[in-house]
Every structure is written in structure tokens, then in C-alpha cells.
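Here are a few notes to read alongside the model on your screen. Take the points one at a time and find each residue as you go.

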Amino acid sequence: MPVKIKSPLMPGEEIVMSHMATFLNGFPRPSGYLVLTNQRIFFEKKGAMNAAAFGLLSLAMKDFNGIPLSEIASAHAEKSIAGAGLTVTTRTGEEFKFALNGFGFSSKKKPRDDMLSYINSHVSK
């Protein structure tokens, strides 16, 4: 079932894949969807899930607007107790950490591995 994304897409932007995830930078650590498009990767929190877990503080937290694929220096798998960990590092050295929750049923590979493969094939060295 496709995920309904509220964030507007840019002209020519198409969703490649998305998966339930937790944004691990800072606190609270909101749940939502990690969305990979043909132009960027971004995180969209889901208000109801986070309000139940963290209260009003989570509703004040903004969505992570994303990183253009052209600004990604590297992406790699990481162990996480919250799920399959994914770390994305920008060309300026900033790190963004996510845990993809569950492993999905549409593929034998973890969704994280599919995202890593796509990102790393589009990273300019």
C-alpha cells in the first residue's frame, strides 16, 4: 500500500520508495516515514504516532526536509536497537541517522538495503 505523503514534491520529483522509520537525531525521536525520491531523501513525521508517545513536544518538531542526492557524500548501514539503521552523511560532514522499522514483505532484502543501494548508486564521487 503506498504511503500518503503530505510534503510537496519538487517539479520532476518522483517517489522511489518509502518505509516506516524513526529519526534518531536529537530528542524526541519521532516516528514517520523515510522517503527516497529521484532527487532527495527526506523524513516525514506522523503526528498521531508521535503525540501518543511524546505528547505536544513532538507536534512542535518540524519534519526533516531532506538532503538532495547531489549533497550526499555517503550512506551506510548501521546497527540500531530500534530497527535497521541507516546513516546518511552530507558533503559538509553532517550525519543523519534513521532506523527503518520492520523489514517489509515485498522483498527478500531489507528496505534499508534497497535504499542504500539506490542512494549509493546516485552519489557523485
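1. Is R40 buried or exposed? Its relative accessibility is 10%, and buried means under 20%, so R40 counts as buried. Please keep in mind here, and in every point below, that this is a predicted model. R40 belongs to strand β3, which covers residues 40-45.

2. Now look at what surrounds R40. Its side chain comes to 3.2 Å from the backbone oxygen of P8. Leaving out residues up to four places away in sequence, R40 touches P8, L9, M10, E13, V35, N65, I67, P68 and L69. P8 therefore turns up twice: in that contact list and, through its backbone oxygen, as the partner of the R40 side chain.

3. K6 makes a useful contrast. K6 counts as exposed because its relative accessibility is 57%, and the cut-off for exposed is over 50%. You will find K6 in the segment before β1, the strand of residues 15-23. How many residues apart in sequence are K6 and E44? They are 38 residues apart, with 8.1 Å between their C-alpha atoms.

4. Let us step back to the whole chain. The protein has three helices and seven strands. Read from the N terminus, the order of elements is β-β-β-α-α-β-β-β-β-α. The protein has 125 residues, and 39% of them count as buried. The accessible surface comes to about 7,200 Å², with 59% of it belonging to carbon and sulfur atoms. If you take the contacts between residues at least 6 apart in sequence, 48% of them join residues at least 24 apart.

5. Next, follow β1 and its partners. β1 pairs with strand β2 (residues 31-37) in the antiparallel sense, over seven bridges. β1 also runs antiparallel to strand β7 (residues 95-100), and three bridges join the two. T22 is a good residue to click on: S31 stands opposite T22 in β2, and A99 is the bridge partner of T22 in β7.

6. T37 also lies in strand β2. What is the relative accessible area of T37? The value is 0%, so T37 is buried. The T37 side chain reaches the backbone nitrogen of Q39 at 3.0 Å. Apart from neighbours within four places in sequence, the contacts of T37 are L9, E13, E14, I15, V16, F42, L69 and Y118. L9 and E13 are familiar from the list for R40.

7. Why is strand β6 (residues 84-90) described as largely enclosed by the rest of the structure? Seven of its seven residues are buried, so the description follows. In a regular strand, the side chains alternate between the two faces of the sheet. On one side of β6 sit A84, L86, V88 and T90, and on the other G85, T87 and T89; both faces are covered.

8. β6 has partners too. Strand β5 (residues 72-78) runs antiparallel to β6, and six bridges join them; I72, for example, has T90 as its bridge partner in β6. β6 and β7 also pair in the antiparallel sense, over six bridges, and V88 is matched with F96 in β7. The β6 and β7 hairpin has four residues between its strands, and G93 there takes a positive phi near 95 degrees.

9. Turn to helix α3 (residues 111-122). This helix has twelve residues and spans 17 Å from first C-alpha to last, close to the 16 Å expected at 1.5 Å a residue. Its buried residues are P111, R112, M115, L116, Y118 and I119. Among the elements that cover these buried residues are β1, β2, β3, β5, β6 and β7.

10. Finally, the largest nonpolar core brings many of these elements together. It has 20 residues, and L34, I41, I72, L86 and F98 touch the most other members. At least two residues of this core come from each of β1, β2, β3, β5, β6, β7 and α3. Which element gives the most to this core? α3 does, with four residues. For a closer look at one member, try I72: leaving out residues up to four places away in sequence, I72 touches I41, I67, V88, T89, T90, R91, I119 and V123.

Notes:
Residues are numbered from 1 along each chain as its sequence is written. This is a predicted model: local features need pLDDT of at least 70, side-chain atom pairs count only at pLDDT 80 or more; totals for chains, interfaces and linings use all residues. Side-chain values use heavy atoms; hydrogens and water are left out. Buried means under 20% relative accessible area, exposed over 50%, partly exposed in between (1.4 Å probe, protein chains only). A polar contact is a pair of N or O atoms within 3.5 Å; within protein, one must be able to donate a hydrogen and the other to accept it, and residues adjacent in sequence count only if both atoms are side-chain atoms. Contact means heavy atoms within 4.5 Å. Two strands pair if DSSP finds at least two bridges between them. Accessible areas come from the Shrake-Rupley method with a 1.4 Å probe; for residues, only the protein chains shown count as cover. The expected span of a helix is 1.5 Å times one less than its number of residues. A nonpolar core is a set of buried Ala, Val, Leu, Ile, Met, Phe, Trp, Tyr and Cys residues joined through side-chain atoms within 4.5 Å.
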